[in-house]
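Thanks for coming. I have one model to go through today, and I will take it piece by piece. Please have the sequence and the structure open.

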Amino acid sequence: MIKLRGLRKRFGAQDVLRGIDADVAAGQIVSIVGPSGCGKSTLLRCLNVLETFDEGSAEIAGVTLAPGASGVPLQSLRASVGMVFQEFHLFPHMTVLENVTLAPRVVLGQSEAAAAKHALALLEQVGLADRGAARPAQLSGGQKQRVAIARALALPLQVLLLDEPTSALDPEMREDVREVLRKIAARSKLTIVLVTHEMRLATELASELWVMDAGKIVERGAPKEILASPKSDVAKDFFARRGD
Amino acid sequence: MNVRLLIAVVAALLLFARAARADTLADVRARGVLRWAGDIQGGEPYVYEDEKQPGKLVGFEVEIADALAKRLGVRAKFVQADWSNLVPSLERADFDVIMNGLEATAERRERILLSRPYFVYRETLAVPRGSTAQSLDDVRGKRIATLNQTFAWHLLRARGFEPVLYEGVQEPYSDLARGRVDGVLLENVIADRYGCGLPEIRCVEDEIARGTYVIGIRKNDGALKIAIDEALDAMKKSGELRAILERWKLWAPEQNDLDAIADLAAAPAPRAIDRAQVVLFLQGALVTLGLTCAAFAIAMPFGILLAIARLYGGAVGRVASATYVEILRGTPVLLQLYILYYGLAPFVRLGPMTAAIVGLGLNYAAYEAEVHRGALLAVPRGQSEAAAALGLTRVQTLRHVLLPQSLRHALPAVTNDFVALLKDSSLVSVITVVELTKRMTIASVELRGWLVPGLLCAALYFALSFPLARLSRRLEKRLHGDQAPRLA
């Protein structure tokens, strides 16, 4: 589903990604951990072309990306590669329901009724069926993130990218989001790439864990194995912190 | 005690002011200077700037003023004043006398003192060369141009015309030549210089009316009037006046009839504000409102487009938009209106209302562009990223995500600009549109005062702008709630 070869990216003089080679199989869940600035979010953003890379190649959901990403069918790529952001980025001028139906209506051309029906089912799935008429400002952080997840799932996704989905939340709200993600992981056949600082989230759902440092993947394997015997300093640090 | 002192000081000042006003002649002599007023916008041959020596004033009135002052034993000093406001400015004692093609009318004679005449003029009707008109009756119902507050204006109104009003002497004739008006009625002094010589124009030979130019003096300056009349008499007898007029090619046999010509009767004008006046004011307000709404209907979408071009239009869009904004914002809207209406007339012949709407709309678009650019920049970056991540195109992102949010940010500034435009729309009177402010200046002549028409005009502007401000506030509340950032 995802195939990365020699991915490199620079911001000015700074090398952010220094040769990423990795594969993610269809339906697989991968977590990426690493210290701030290690390039994990940038890597994620390269996958749906919110950033472009300078060297190497990437293949995702059947679309081949080259450096600069010119000629990529952006809209259809993004309709099958969804993203959830740390800071939710809900549209504040729309209701919860409108947030979820926007892309199906505008991008897929669904009728309002069809989009609303699907959206209500998704809101039900994230436990917010009764908040469709609310504005984002009236929701708690955990509720906002669950709406953002429903919004991403409203498109016919093959891949879901999660960029620190619980980092902006109070600890007591993180469980709500984790619960939703657990359900999604169990029910759907989505390929998920998850960037996080939170150990529990990183290890619980994923079948593979990538540890990144300074623009490279320095360790990879089954989460339980790495948790039991981390080899890299970064991994040792990460599990020593016991961030929950 | 303090109050008493204050009253005493005020009383003394008032007395002094009255005393100072009581004998301008003595003041003039003491000063050694006669301050005479005119408007150099009236142009050749009255009083205007010498082309060869910018800053130096020339004209037949300059020479008459110099000769007159000499006979009073003083020096003449010109004071520039807006022609429409010469009489009120005289009354405010901004200068000593008016001498600027001031026609002797019964109406003026009631308000200020008028000297003996120094010139006889003929009202001259200019028409397109192809026209067969010989008199005002032949152009009845047509669009006849003149200047505000001239005798020609009174004459036209008395004969049932609704004249098209201009501010300068050249524009009526250039518009006649281009067919924007059907005729021009002004004094022969003006018509001969600016109109009759043009190939597209013919001046009617039959005399429409005859009148005189006089010097305007404050009501209680009898001594000054006597001195000026004596000096003018002496100038006539000695042939000095004739010599001046001949030098300016203004001498004609009728100048011998100077004292034989009676005052022109004033056009009947209402003395108090009446229903008809109020209706005219309401019409003016309607013109102002319509003009403002139409111009804003151009400014708003065009401004948004400019803002989008500036932010998302690539190098070309950015430079084009920035250039447009800087030029339109960096030059006076009055100048832009002149260029649009008069300057472009050889290429595009816009009607006055169209030119006004387009001119104000294009000018305000530059301001709206900056408002919307700022508002778009205020939308968090995450919003456009989230929209992009959902597969929205750039246009869809703007339409569904960015603009709905930026418009809320922009609303207070947009309301502000709308109210500003409402008032700036008064500038279009320079291209002959009669809107609310122009209506007030016209009425102030008929009512012989600024206060009542001024207050009525202000009340109407307020009545137009205040509900709008309220509406915008309500809209803002509905969109935003009252979410001022809390200052802790």
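In what sense do strand 3 of chain A and strand 9 of chain A pair, and over how many bridges? They run parallel, with 4 bridges between strand 3 and strand 9, the latter being residues 208-213. One position to look at is Ser31(A), which stands opposite Leu209(A) of strand 9. Before I go further, note that this is a predicted model.

Strand 3 of chain A also pairs with strand 8, residues 191-195 of chain A, again in the parallel sense and over 4 bridges. There, Val30(A) has Val193(A) as its bridge partner.

Is strand 3 of chain A enclosed or open? The strand covers residues 29-33, and 5 of its 5 residues are buried, so the rest of the structure largely encloses it. Both faces are covered. On one side the buried residues are Ile29(A), Ser31(A) and Val33(A). On the other side they are Val30(A) and Ile32(A).

Staying in chain A, go to strand 1, residues 2-11. Strand 1 is joined to strand 2, residues 14-24, by 8 bridges, and the two run antiparallel. Ile2(A) has Val24(A) as its bridge partner in strand 2. The two strands form a hairpin with 2 residues between them, and Gly12(A) in the turn has a positive phi of about 65 degrees. Strand 1 of chain A pairs with strand 4 as well, residues 55-60, antiparallel over 5 bridges. In that pairing Leu4(A) stands opposite Ala58(A).

Now the cores. The largest nonpolar core has 98 residues, and Phe60(B) and Tyr118(B) have the most contacts inside it. Helix 3 of chain B, residues 60-72, gives the largest share of this core, 8 residues. Apart from it lies another core, of 90 residues, and Leu4(A), Phe91(A), Val106(A) and Leu157(A) are among its members. So Leu4(A), from the pairing with strand 4, turns up here again.

Chain B next, as a whole. Its secondary structure comes to 18 helices and 13 strands. The C-alpha trace spans about 95 × 80 × 50 Å along its principal axes. Of the 488 residues in chain B, 50% are buried. Taking contacts between residues at least 6 apart in sequence, 75% join residues at least 24 apart.

Two helices of chain B are worth setting side by side. Helix 11, residues 275-312, has 38 residues and reaches 55 Å from first C-alpha to last, close to the 56 Å expected at 1.5 Å a residue. After helix 11 comes Gly314(B), with a positive phi near 70 degrees. Helix 16, residues 394-424, has 31 residues, but its end C-alpha atoms are only 36 Å apart, where a straight helix would reach 45 Å. Where does helix 16 of chain B bend? At Ala410(B), by about 50 degrees, and Pro412(B) follows within four residues.

Last, a single residue. Thr24(B) sits in helix 2 of chain B, residues 24-31. Is Thr24(B) buried or exposed? Its relative accessible area is 2%, under the 20% cut-off, so Thr24(B) counts as buried. Its side chain makes a polar contact of 2.5 Å with that of Asp221(B). Leaving out residues up to four places away in sequence, Thr24(B) touches Asp96(B), Arg218(B), Asp221(B) and Leu224(B).

That is what I have; I will take questions now.

Note on methods. Residues numbered from 1 in each chain as written. Chains lettered and ligands numbered in written order. Heavy atoms only, no water. Core = buried A, V, L, I, M, F, W, Y, C linked by side-chain atoms within 4.5 Å. Buried < 20%, exposed > 50% of the residue type's maximum accessible area, 1.4 Å probe, protein only. Expected span 1.5 Å × (residues − 1). Bend = angle between axes of the 7 residues up to and from the residue. Polar contact = N/O pair within 3.5 Å; in protein donor to acceptor, adjacent residues only side chain to side chain. Contact = heavy atoms within 4.5 Å. Pairing = 2+ DSSP bridges.
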